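The following exercises concern the arrangement of helices and strands in a protein model. Please attempt each task with the structure at hand before reading its solution.

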Amino acid sequence: MARSSSNSTPDTAATEAPAEPAPVGIQSLELGLELFELLAAQEQALGVSDLARLAGMHRAKVYRYLVSLVRAGWVRQDADSSLYQVGPALRRLALAWLARQDWLELASNEARELAQTQGNTCLVAVQTEAGVCAVRVYQPGQGVSVGVAPGALFDLRTSATGRVFAAWAEPAPEALTPAQRAHIRSQGVAVVEGEHAPGINALGAPVFDAHGHLLLALTLVGHGAALQADAAGSAALALREACARVSGALGWQPPQR
């Protein structure tokens with residue numbers, strides 16, 4: 001009679017640890033959130049029947065969810081049309097999220113990238129009690145950099161950085177005429193060609209917070225041969241796009257034209 005070997009390989013399936021069960025959630029909550037996300041993705045308010053059709057759910061069931069979402073402030077119903085759209089709770093949540101964003105870090109990342117890609121010094125400036133001040137300065141890896149130290153203050157009339165604050169700050173300072181202010185705002189960038197320092201050009205652009213208020217400026221600074229003092233040039237375009245990315249990350253949306 002054959003004897004079984006004492007060193008036979010055990011059954012792999014028998015020795016494997018059992019898989020942990022998936023956490024148990026609340027299905028009704030998940031459905032409610034899916035319904036809310038569907039409503040939030042629409043460009044216009046919807047009625048119960050339209051939302052039910054989009055969700056593939058029974059109208060009565062959708063209505064019950066909407067009642068709870070309205071009570072919690074996530075959805076609101078127009079008193080005249082009876083249509084539903086996202087409510088004020090979403091705005092409060094968005095503002096709470098935005099308040100946790102590190103705006104200086106966002107701006108610094110863009111300034112560092114601009115310094116490398118454009119081959120010119122790039123700085124981040126904010127308004128302080130002492131004046132418009134550079135808080136972060138990044139130098140290019142190659143090329144000739146311009147010596148700007150953190151803590152440097154900028155004149156509102158002659159520097160590109162200062163002109164950004166003179167053009168977009170509210171109330172408007174007297175450093176610029178209304179025509180100068182309007183011109184800079186229409187270009188979306190302040191341009192200086194050797195006016196602040198001979199032979200040095202600069203381009204400055206604004207970053208806005210979620211409410212459309214001026215928060216800071218990003219400025220490219222370089223020698224005339226390396227930085228084109230042109231509001232329509234490639235450097236100005238890259239600068240405006242970088243500022244728009246920071247502003248967008250902070251919740252700002254450009255006005256509709």
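**Exercise 1: The strand β4 and its neighbours**

In this predicted model, L123 has V137 in β4 as its bridge partner. Determine how β3 and β4 pair, and how many bridges join them.

*Solution.* Step one concerns the direction of the strands: β3 and β4 run antiparallel. Step two is the count, and seven bridges join the pair. Step three is the connection, a hairpin that leads from β3 to β4 through two residues.

**Exercise 2: The other partner of β4**

Identify the residues that stand opposite V132 and C133 in β5.

*Solution.* Begin with the strands: β4 comprises residues 131–138 and pairs with β5 in the antiparallel sense, over two bridges. Next, take the residues in turn. V132 faces F154 of β5, and C133 faces L153 of β5. Finally, consider accessibility, where a residue counts as buried under 20% relative accessible area. Six of the eight residues of β4 are buried, so this strand is largely enclosed by the rest of the structure.

**Exercise 3: The whole sheet**

State the order of the six strands in the open sheet, and find which strands lie at its edges.

*Solution.* The order is β5-β4-β3-β8-β7-β6, with antiparallel pairing. The edge strands are β5 (153–154) and β6 (190–193), each of which pairs on one side only. Helices are then added to the picture. Helix α6 packs on the sheet and touches β3 (121–128), β4 and β8 (214–223); the direction of α6 makes about 20 degrees with that of β8. Helix α9 also packs on the sheet, where it touches β7 (200–208) and β8; the direction of α9 makes about 25 degrees with that of β7.

**Exercise 4: The helix pair**

Describe how α6 and α9 are arranged: at what angle do their axes cross, and which residues meet?

*Solution.* Two packed helices are described by the angle between their axes and the distance between those axes. The axes of α6 (residues 103–118) and α9 (residues 234–249) come within 10 Å and cross at roughly 160 degrees. An angle over 145 degrees counts as roughly antiparallel, and α6 is therefore roughly antiparallel to α9. The crossing of α6 past α9 is right-handed.

The contact can now be listed by side:

- From α6: L106, A107, E110, L114 and Q118.
- From α9: A235, A238, L239, A242, R245, V246 and A249.

By class, the contact of α6 with α9 has nine nonpolar, one polar and two charged residues.

Key
Residues are numbered from 1 along each chain as its sequence is written. This is a predicted model: local features need pLDDT of at least 70, side-chain atom pairs count only at pLDDT 80 or more; totals for chains, interfaces and linings use all residues. Side-chain values use heavy atoms; hydrogens and water are left out. Axes are lines fitted to C-alpha atoms, for helices over the stretch in contact, and angles run from 0 to 180 degrees between N-to-C directions. Helices (H or I, at least four residues) and strands (E, at least two) are DSSP runs, numbered from the N terminus. Angles under 35 degrees count as roughly parallel, over 145 as roughly antiparallel, 65 to 115 as roughly perpendicular and the rest as oblique. A crossing is left-handed if the near helix is turned anticlockwise from the far one by less than a right angle, and right-handed if clockwise. Contact means heavy atoms within 4.5 Å. Ala, Val, Leu, Ile, Met, Phe, Trp, Tyr, Cys and Pro count as nonpolar, Asp, Glu, Lys and Arg as charged, and the others, Gly among them, as polar. Two strands pair if DSSP finds at least two bridges between them. Buried means under 20% relative accessible area, exposed over 50%, partly exposed in between (1.4 Å probe, protein chains only).
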